[in-house]
Amino acid sequence: MAAKKRSVPGPGSRLTSPVTDITYELDELLGEGGFGRAYRAYELGRRGQVVDEVCLKTTPDQASWHREAYFGELFHNSRRVIRLYDSFPIALKRAAGSGM
């Protein structure tokens, strides 16, 4: 049985947090590794205008996402940890030709 292929977000993709209702537009890929990809992204206002520039991380691994979100919340007041402003899961669409 073939593994399910899922399309992952990339530059130009827009993601909306179901938690905060904030929409982000991914820009350039800053780096990638074993725990996902980091993008320069823009927080968009209600009319689609850029409100802020942020770093947005995506990962297909639910377990690592959950751990990072948990520790981001746990250490949100620490000066030694990068501040986590938003975290949310996204449902990936199956890629064309995946057979599923």
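Two strands are taken to pair if DSSP finds at least two bridges between them. In the predicted model examined here, strand S3 (residues 36-44) and strand S4 (residues 50-58) satisfy this criterion in the antiparallel sense, over eight bridges. Within that pairing, Arg40 has Cys55 in S4 as its bridge partner. The connection between the two strands is a hairpin, with five residues lying between S3 and S4, and in its turn Gly48 adopts a positive phi of about 85 degrees.

The hairpin belongs to a wider arrangement. The chain contains one helix and four strands, which follow one another along the sequence in the pattern β-β-β-β-α, the helix thus being placed after the strands in sequence. The four strands make up an open sheet in the order S1-S2-S3-S4, with antiparallel pairing. S1 and S4 stand at the edges of this sheet and have a single partner strand each, so that one side of each is left without a neighbour in the sheet. From one strand to the next, the twist averages 35 degrees.

At the edge formed by S1 (14-16), the pairing with strand S2 (residues 23-33) is again antiparallel and consists of three bridges. One of the residue pairs across these two strands places Thr16 opposite Thr23 in S2.

The segment before strand S1 includes Gly12, a residue for which both the exposure and the surroundings were computed. Gly12 has a relative accessible area of 51% and is therefore classed as exposed, the cut-off for that class being over 50%. Exposure does not exclude contacts beyond the local sequence, since Gly12 touches Glu25 and Leu26 when residues up to four places away in sequence are not counted. A further relation is that between Gly12 and Glu28, which are 16 residues apart in sequence, while the C-alpha to C-alpha separation in space is 8.6 Å.

For the chain as a whole, buried residues account for 20% of the 100 residues. The accessible surface comes to about 7800 Å², and carbon and sulfur atoms contribute 52% of that area. With regard to the contacts between residues at least 6 apart in sequence, 35% join residues that are at least 24 apart.

Terms used. Residues are numbered from 1 along each chain as its sequence is written. This is a predicted model: local features need pLDDT of at least 70, side-chain atom pairs count only at pLDDT 80 or more; totals for chains, interfaces and linings use all residues. Side-chain values use heavy atoms; hydrogens and water are left out. Buried means under 20% relative accessible area, exposed over 50%, partly exposed in between (1.4 Å probe, protein chains only). Contact means heavy atoms within 4.5 Å. Accessible areas come from the Shrake-Rupley method with a 1.4 Å probe; for residues, only the protein chains shown count as cover. Axes are lines fitted to C-alpha atoms, for helices over the stretch in contact, and angles run from 0 to 180 degrees between N-to-C directions.
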